[in-house]
Amino acid sequence: MINITFPDGSVRQYEAGVTPLDIAKSISEGLARNVLSAKVNDKVVELYRPVNEDATVQLLTWNDEEGKDTFWHTSAHLLATALEQLYPGIKFGFGPAIENGFYYDIDFMDYQVSSEDFPKIEKRMMELVQAKTPITRREVSKAEAIDFFTKKGDQYKLERISELNDGEISFYESGTFTDLCRGPHLVDFSPIKAVKLINLAGAYWRGDEHRPQLTRVYAISFPKKKELDEYLVMLEEAKKRDHRKLGKELNLFMFNDIVGKGLPIWLPKGTELRMRLQAFLSKIQKRYGYKQVITPHIGGKQLYVTSGHWDHYGADSFRPITTPEEGEEYLLKPMNCPHHCMIYKNEPRSYKDLPLRLAEFGTVYRYEQSGELHGLTRVRSFTQDDAHIFCRPDQVKDEFIKVMEIIEIIFKALSFENFEAQISLRDPNDTAKYVGSDENWAKAEAAIVEACKEKNLPAKVEYGEAAFYGPKLDFMVKDALGRRWQLGTIQVDYNLPERFELEYIGSDNQKHRPVMIHRAPFGSMERFCAVLIEHTGGKFPLWLTPEQFIILPVSEKYVDDARAMLAKLEDMDLRGIIDERSEKIGRKIRDAELGKYPFMLIMGEKEVGEGTVSVRRQGAGDMGAMTPEAFAKMISEEIEKVL
RNA sequence: GCUGCAGUAGCUCAGCUGGUAGAGCGCAUCCUUGGUAAGGAUGAGGUCACCGGUUCAAAUCCGGUCUGUAGCUCCA
């Protein structure tokens with residue numbers, strides 16, 4: 001008998017050689033039906049793999065990330081099995097489970113496959129499911145593996161095998177399809193009740209653009225048909241929140257071919273929104289001791305040669321601007337820090353002056369590859385809510401905490417709750433590729449980790465992800481379609497102070513080198529607004545929205561009264577517009593609802609007589625009549641609650 | 001940058017295998033002056049992204065370019 005320990009700490013005894021499926025059956029019928037794979041001593045395995053000695057066992061279902069992984073990974077094999085039957089001779093790259101579904105990278109050889117073929121492929125997949133094709137695992141020798149795929153002519157699998165050692169190679173067979181795979185997998189295809197191919201996209205073999213491009217087939221599958229339907233509805237809903245669509249509908253921003261791709265133009269309403277965000281941050285920064293500065297949009301090339309950016313990124317950036325003056329070259333500013341370094345250098349600094357916090361809403365220009373451009377989230381001209389903190393090494397942690405507080409205030413005001421934080425530290429095995437002393441790195445890395453601990457911020461630590469010039473802390477959020485974008489960032493920098501020979505006079509009357517912290521709570525105004533648009537679905541919080549209300553006169557007779565009311569509300573620091581069209585009130589309400597104005601103020605004979613407005617809240621309906629003063633009070637109270 | 005897909009009115013889109021353009025919304029004018037999610041009539045508006053080719057004839061077929069889009073790669 002062996003002891004099996006469960007995640008809750010309980011222990012049961014079983015015969016040696018018991019399988020996870022047996023264990024599930026011994027617990028309950030339902031569990032046995034739903035279990036997908038099992039985690040035995042921290043390794044996920046198939047349900048038929050015997051357990052021969054004492055172990056901890058966690059039975060994995062659809063509700064466990066790892067259970068889903070097994071499910072989708074097997075679905076990828078189902079896809080491959082179907083594709084190989086439909087397109088004999090195709091070659092297979094990798095086919096993993098991903099965050100939402102799975103994909104398989106395929107070399108389709110001479111076959112032309114398009115999304116029109118999806119139904120056919122899905123149909124074949126479901127036929128294989130119904131056939132209850134078992135999936136069997138087999139350990140093979142390296143020689144056997146090489147032999148098999150040589151015969152098959154699959155150079156991709158052969159390349160992968162060449163990196164593996166004898167004794168760690170396994171094959172999985174699902175009917176007609178045999179794949180090199182580590183597993184684990186479902187026992188057979190039958191739990192897969194619904195599949196949907198999502199799209200096709202090119203993907204380089206092993207992500208290398210110099211290697212062949214395969215066709216990546218994205219798909220998703222579910223244990224219940226209903227879950228697939230819900231997922232598809234969710235996708236549709238997400239598309240409605242896409243900031244590119246809402247930006248057009250709400251007249252926030254535009255692009256124009258002649259102006260140039262990746263160069264966003266902010267329309268009046270979008271500008272309102274952005275200015276308000278900037279004013280909000282400026283106010284907080286003032287409280288935290290930042291000094292606002294303004295620097296030019298271009299800078300002498302030497303500035304960026306000194307900073308090192310020219311060497312690093314110059315070849316892939318906008319070409320230098322030349323002048324009639326022989327040999328004179330300027331760069332469109334790709335970042336603000338070198339300018340700020342020059343401000344630091346402009347006068348001698350004492351340790352008493354530090355930290356010096358220079359802030360700028362600085363517009364920068366970067367030549368992003370055309371395939372990378374994406375709405376407002378990836379553009380070639382954007383404005384960073386940038387600031388550089390010049391401080392002593394012993395001040396890093398305190399400054400870090402203060403920046404984290406600013407980010408906290410912002411995220412809270414906008415109810416960004418689903419963000420992820422990542423601490424990027426240097427690769428401990430390759431410290432040579434980083435600049436700065438070991439001592440300073442150790443100090444800064446510890447400062448970041450401690451700051452997160454102190455602020456109770458759950459952050460994932462990634463080694464080797466630090467920039468060459470210093471460790472950093474990034475804040476990431478997902479957009480409507482589940483893509484992850486980096487917003488706020490705090491980065492420690494030892495490189496620029498060195499390159500620009502920044503100094504301060506310490507209390508010991510000696511010269512010392514300050515540490516620089518780059519930070520941008522929003523990241524860029526463009527990207528932040530994009531995420532904000534998707535987060536709110538265009539229904540911005542009251543304090544931010546370009547128009548807080550729209551006055552709807554019941555008929556044209558009351559337009560003059562509406563104008564007087566607007567003036568009165570504007571005097572009370574509210575903002576709104578009037579719908580002066582000759583339309584019936586029902587129509588005006590409908591349009592205002594669709595236009596996402598937070599409040600509709602209806603004015604007719606009754607209200608004009610009483611000196612009130614009838615308030616209707618977007619999405620919630622009639623709230624009754626109130627005086628403009630009462631309305632203003634209600635709005636300001638609501639705003640105070642969030643800010 | 002690479003690969004797939006797409007580009008028709010301000011917006012969303014229809015236009016089968018080639019026969020010289022349509023709808024809804026929006027806009028303009030007029031009628032209507034209305035009470036909590038679409039009142040009515042009339043009208044304007046398009047080199048069918050651009051350039052070239054095939055054809056008696058191209059929005060439609062072919063090639064190229066541009067732009068968008070899905071991914072890959074990159075990202076200070």
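Select helix α18, residues 585–594. α18 gives 7 residues to the surface near RNA strand B, the largest share. Here, "near" means that a heavy atom of the residue lies within 4 Å of the strand. Helices are DSSP runs of H or I with at least four residues, strands are E runs of at least two, and both are numbered from the N terminus. This is a predicted model: local features need pLDDT of at least 70, side-chain atom pairs count only at pLDDT 80 or more, and totals for chains, interfaces and linings use all residues. Residues are numbered from 1 along each chain as its sequence is written, chains are lettered from A and ligands numbered from 1 in the order in which they are written, and side-chain values use heavy atoms, without hydrogens and water.

**Around the RNA**

Now show everything around RNA strand B. You should find 48 residues. The closest are N199, M335, S370, E372 and R587. Colour this surface by class: 22 residues are charged, 13 polar and 13 nonpolar. Asp, Glu, Lys and Arg count as charged; Ala, Val, Leu, Ile, Met, Phe, Trp, Tyr, Cys and Pro as nonpolar; the others, Gly among them, as polar.

Which parts of the RNA face the protein? Of the strand B atoms within 4 Å of the protein, 48% belong to sugar or phosphate and the rest to bases.

**Three polar contacts**

A polar contact here is a pair of N or O atoms within 3.5 Å. Zoom in on three.

- R244: a side-chain N or O atom is 2.9 Å from a phosphate oxygen of RNA strand B.
- G371: a backbone N or O atom sits 3.1 Å from a base nitrogen of RNA strand B.
- S614: a polar side-chain atom is 3.5 Å from a base oxygen of RNA strand B.

Elements that give two or more residues to this surface include α8 (243–249) and β32 (613–617).

**Inside the protein**

Hide the RNA. Select L277, I410, L473 and F631. In the largest nonpolar core, of 82 residues, these four touch the most other members. Such a core is a set of buried Ala, Val, Leu, Ile, Met, Phe, Trp, Tyr and Cys residues joined through side-chain atoms within 4.5 Å. Buried means under 20% relative accessible area, with a 1.4 Å probe and protein chains only. Helix α13 (residues 396–413) gives this core its largest share, 10 residues.

Centre on F631. Beyond neighbours within four places in sequence, F631 is in contact (heavy atoms within 4.5 Å) with F549, L569, L574, F599, L601, V615 and M626.

Next, select I90, V113, V217 and I220. They belong to a second, separate core of 39 residues.

**Zoom out**

Chain A has 20 helices and 33 strands. Of its 643 residues, 49% are buried.

Terms used:
A polar contact is a pair of N or O atoms within 3.5 Å; within protein, one must be able to donate a hydrogen and the other to accept it, and residues adjacent in sequence count only if both atoms are side-chain atoms. Buried means under 20% relative accessible area, exposed over 50%, partly exposed in between (1.4 Å probe, protein chains only).
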